[in-house]
Amino acid sequence: MSRWIVLSLVIVATLLGATTLTVIGPWSGPEMDKFMPVLQEFEKQTGIKIDYKIYRAEDLANLLPAQFAAKKAPGDVIFMWASFIREYGQKGHILPLTGVINEANYLPGSLNQVKVGKELYGTAYTGKVKPGFWYRKSFFEKNKLQPPTTWEEFIALLEKIKKIPGIKAPIASGDGVGWPLSDVTEHFLITFGGPQLQLDLIEGNIRWDSNIVMNAMTKLTSILEKGYFGEPTEWTLVLKQWWNGDYGLYFMGSWITGMVDNPDDLGVFALPGAKGVVFGADYAFVPKYTQYPEEAKKLIAWLSGPQGQAVQVKQGGHIATAVGIDLSTYPPVDREVAKIIQGVTALDDLDDSIGGEFQPAFWDQLKLLWVQPSRVNDVIKVLQEKAPKR
Amino acid sequence: MKKKILWTIIGWLVGLIWIVPFVGVLMTATRPLDELLGGCWRVEPFHPTLNNLVGAWNHPTASLKQGMMNSLIVTIPATFLPLIIATMAGYGFSRYRFRTKKLLFALVVITLALPQQTIAIPIFQLMNWLNLVDTYFGLILVHTAWGIPWITFFMRNFFTTIPRAMEETARIDGASDITTFFRIVLPMALPAIGSAFALQFTWVWSDFFLALILIYSPEKLLATQRIPLMRGVYHVDWGLLSSAAIIVMIVPILVYLLLQRYYIKGMIGWSLK
Amino acid sequence: MKNNSRYVLFFILPAILMLLIFVVYPVARTVILSFLDSDGQFVGFKNYSKVISSREVFDPAGFSRGFPLGALVHNLLWIAIHLPLTIILGLSLSVLLKNVKGGSFIKSIIFLGMVMPMIVGGVMINFIFDRNLGIVNGVLSLFGVQGKTWTAHPDTALLSLIFGSVWLWTGFSVVLYSAGLETIPKDYYEAAQLDGASSWKIFTKITVPLLRPITVVVTTMTLLWELKVFDIVYVATMGGPGGASNVLALQMYTYAFRAFDFNRSAVVAVILTLSTLAVSLSLVRSVRDEQP
């Protein structure tokens, strides 16, 4: 009986309300398939219809400023870089979420990136970890390989993989917009410069041509020069090639577990000595120019709350930013990843946090570094030019 | 004779070089990604599929079906409006004498060569002020203005080559200049208008830059704008991307094939006078 | 020639009005913007010196180190490679295909590159030069050469785009030269053949000189196209890696919509405009000469 009441209520609400919220996010292909259940659950619970549109953050960065200038917005809830949310929140184009989102319900510090003073301009609706180099357990067993515990062992491992017949290169390099390369680079910076270096670079407290950065970059270029990294190849394509055994290792975020045929065959290790790991939260905001501010706030609170995030992590490849989600909600392989972040410093993504002109320059310069590591000094020079300055 | 055969072979080889990329894209669009990892020319295994084409056409968020519709909605008026306005202007420049003629015609010729980048920022600001940002009307206006110089130039050159005897006769019969233009001149000018139509239509359809600055709502995006969007942030699917490329280029290629004679004439007339 | 102002207004005014509002005014505004700072204060040529001395536009260090050389140099390089190829291929292919069975069909194929949207052209170039899927590497592998993704390497990114654009644009010159060939009277050739001239001699002494007017037009139009090139680069490499395939039109866009610096962006736009005007001046002159 009560089911019928609920059902008819939903129908009535749908007919009367007829509110359709537009959500804009970057997820396409298989990733979208893993995100849609979250929205569908919200639709089911509230009767508010949702229209999902794909827009890459890079494209939004071109488009939103113009829209905001015209007092318009293409969607009601938009997924975007934290740096962007902070900047345009301060300029008054974004609805403050203070009071809608309760910081106490989130991992400590996970909302800092979208906070200006006391005002919250966005929220972290899901998170992903970039733990280190992934390998196939079966591949390691077959070739009698072990995850390294020192830098020397790491080099020895690369050398061993290189000698395996049929291998293109020990480490696969993901190309595309540029973030797969920047993720590896950050891992080197954090390992050899310490977690504080990442924070200092984000704040502009330290120069790119300083010794500490150069030291870490030299480690990276030394293995680039030896040909341990493969040629940058479109990252989903190279994922398949790596899985098929063309490469031994692949540096990737935790979402990889949702993208391979058999997640149980995945193993992962960080560079020996890494004391920090990039915990990349994904952020969302509500533009000031939405037609349905109340519904949009409701959606964003639900999405980033425990209910929405529980649906999300169940799909695999995601780590919740909200507290109070039981570990048993995660698929087994993600549970391993969720454990990795315990005991190390969780750090923000470098280029996402800086944003602006730096981000595309960073990506573009790394593409250069990857194919011509001897140009490291030019790369550093450009990065220093574009970096935030104190 | 031997020489002739040699040249024929060379000629066909050149043709082959030019068509190979098209074949490659077609192969990529019609086969699953797994078969392509070793190169699209490997035909072993070979499982043709329409999944990619259908996928691009019905793409859940960058649907080309919608994009193609949108492109038509913009392209048709943005082809006819400048055709009418500029044909009139071309006629005016060829038949009348007036004081500012040289100056105005020089203006037409100079604007003919401008890069779109020159007007990008002010056009955005102007459209914003007119409240026409993110509307097709605004984009159509800009395309119209952008098409006028070359069509005017093209039509003027056409009109200077056709004799005036018919117009004079009509005028003696008491028809006004305007009636003469629509009754007598326009029908005679149809071949030239056809050429201008073919080119303007293709160019507006193919435009990316103006749309990039002026149209941004996801559901309003034109077909060309959706091609870069076929890559998600974390996902590039060559099968989908080549399918999208094929779908988007099919319209101008059809126009070209159907109006080939006019198209080539226009291309020659546009540049050679 | 008649002189009737009422009709002149009717025929010409709509076109002129549209031009003034949507073309002339924006051009003027762009020029003004290039002399202002972000607060609207007049700063003279400061933006210009800033842009021209910036590494994105001109990078002299690149000459000893390799790409990038700066957007300006890249555009010049584009012209230096693309223009001669366009003319040579246009001339030779139009003569060749005139005498070949199925020649007009092959011409239609070559012309397809001109018909497709350039944004699609850019995707095609990506595709041609891709390491795994690309045709270039497919051909190279026949000779046992291990290829690469040509657009991903700084030394080859720009060259790949340029050669790709030759593939796209040759149809233009072939069609124009073919039309020009039709206008050369047959008896010229017959007379030359009677004199025993070789085909090469006929080509260089008769065909090429008589096609000179066409060469002028092909050169002008190709130059304009090379200066404006944008879509191809945007979709294929976004100017990378490390700016190695950046061009002026893209730099203008980057300044405006990445760095949100409309003033520096206007400077690039003005530089582009002046170059195109210089090129098209010859066209204007020929028109003026012929006016009564």
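**Exercise 1. Work out how far apart the centres of the two domains of chain C are, and how they touch**.

Solution. Keep in mind that this is a predicted model.
- Step 1: find the domains. The domain assignment splits chain C into domain 1, residues 1–33, and domain 2, residues 34–290.
- Step 2: take the centres over C-alpha atoms. Those of domain 1 and domain 2 of chain C lie 31 Å apart.
- Step 3: look at the contacts. On the domain 1 side, 4 residues of chain C take part, and they meet 8 residues of domain 2.
- Step 4: sort the domain 1 side by type. You get 3 nonpolar residues, 1 polar and no charged.

**Exercise 2. Describe the overall build of chain C**.

Solution.
- Step 1: count the elements. Chain C has 14 helices and 0 strands, so reading from the N terminus you meet α again and again.
- Step 2: get the dimensions. Along its principal axes, the C-alpha trace of chain C spans about 75 × 70 × 30 Å.
- Step 3: check burial. Chain C has 292 residues, and 52% of them count as buried.
- Step 4: see what the contacts join. Take the contacts in chain C between residues at least 6 apart in sequence: 67% of these join residues at least 24 apart.

**Exercise 3. Find out which part of chain C gives the largest share of its side facing chain B**.

Solution.
- Step 1: count both sides. 77 residues of chain C are in contact with 80 residues of chain B.
- Step 2: look for the main contributor on the chain C side. Helix α1 (residues 5–33) of chain C gives the largest share, with 19 residues.
- Step 3: sort this side of chain C by type. There are 59 nonpolar residues, 13 polar and 5 charged.

**Exercise 4. Explain how the buried residues of helix α8 of chain A are placed around the helix**.

Solution.
- Step 1: list them. In α8 (residues 195–203) of chain A, the buried ones are Leu197(A), Gln198(A), Leu201(A) and Ile202(A).
- Step 2: check the arc. These four sit on the same side of α8(A), because they cover an arc of only 135° around the axis.
- Step 3: recall the helix rule. With 3.6 residues a turn in an α-helix, residues three or four places apart point the same way.
- Step 4: ask what covers them. The cover includes α7 (179–193), α9 (211–225), β13 (276–285), β14 (345–347) and α14 (350–354) of chain A.
- Step 5: look just past the helix. Gly204(A) comes right after α8(A) and takes a positive phi of about 80°.

**Exercise 5. Explore the largest nonpolar core, then zoom in on Tyr250(A)**.

Solution.
- Step 1: get the count. This core has 297 residues.
- Step 2: pick out the residues with the most contacts inside the core. Among them are Met80(A), Tyr250(A) and Leu214(B).
- Step 3: find the biggest contributor. Helix α6 (residues 136–161) of chain B supplies the largest share, 14 residues.
- Step 4: follow Tyr250(A). Setting aside its neighbours within four places in sequence, Tyr250(A) is in contact with Phe133(A), Trp134(A), Ala172(A), Leu239(A) and Trp242(A).

**Exercise 6. Decide where confidence is lowest and highest in chains B and C**.

Solution.
- Step 1: start with the whole model. Its scores are ipTM 0.87 and pTM 0.82.
- Step 2: take chain B. The average pLDDT is 86, and 92% of the residues score at least 70. Helix α12 (residues 260–272) of chain B is lowest, with a mean of 77, while helix α3 (residues 64–95) of chain B is highest at 94.
- Step 3: take chain C. Its mean pLDDT is 87, with 95% of the residues at 70 or more. Helix α14 (residues 262–290) of chain C has the lowest mean, 80, and helix α4 (residues 71–98) of chain C the highest, 93.

How values were computed. Residues are numbered from 1 along each chain as its sequence is written. Chains are lettered from A and ligands numbered from 1 in the order in which they are written. This is a predicted model: local features need pLDDT of at least 70, side-chain atom pairs count only at pLDDT 80 or more; totals for chains, interfaces and linings use all residues. A nonpolar core is a set of buried Ala, Val, Leu, Ile, Met, Phe, Trp, Tyr and Cys residues joined through C-beta atoms within 7 Å. A residue is buried if 20 or more other C-beta atoms lie within 10 Å of its own, exposed if 12 or fewer, and partly exposed in between; C-beta atoms are placed from the backbone. Helices (H or I, at least four residues) and strands (E, at least two) are DSSP runs, numbered from the N terminus. Two residues are in contact if their C-beta atoms, placed from the backbone, lie within 7 Å. Ala, Val, Leu, Ile, Met, Phe, Trp, Tyr, Cys and Pro count as nonpolar, Asp, Glu, Lys and Arg as charged, and the others, Gly among them, as polar. Domain bounds come from an automatic or database domain assignment. pLDDT is the predictor's confidence in each residue, from 0 to 100. The arc is that of the directions from the helix axis to the C-beta atoms.
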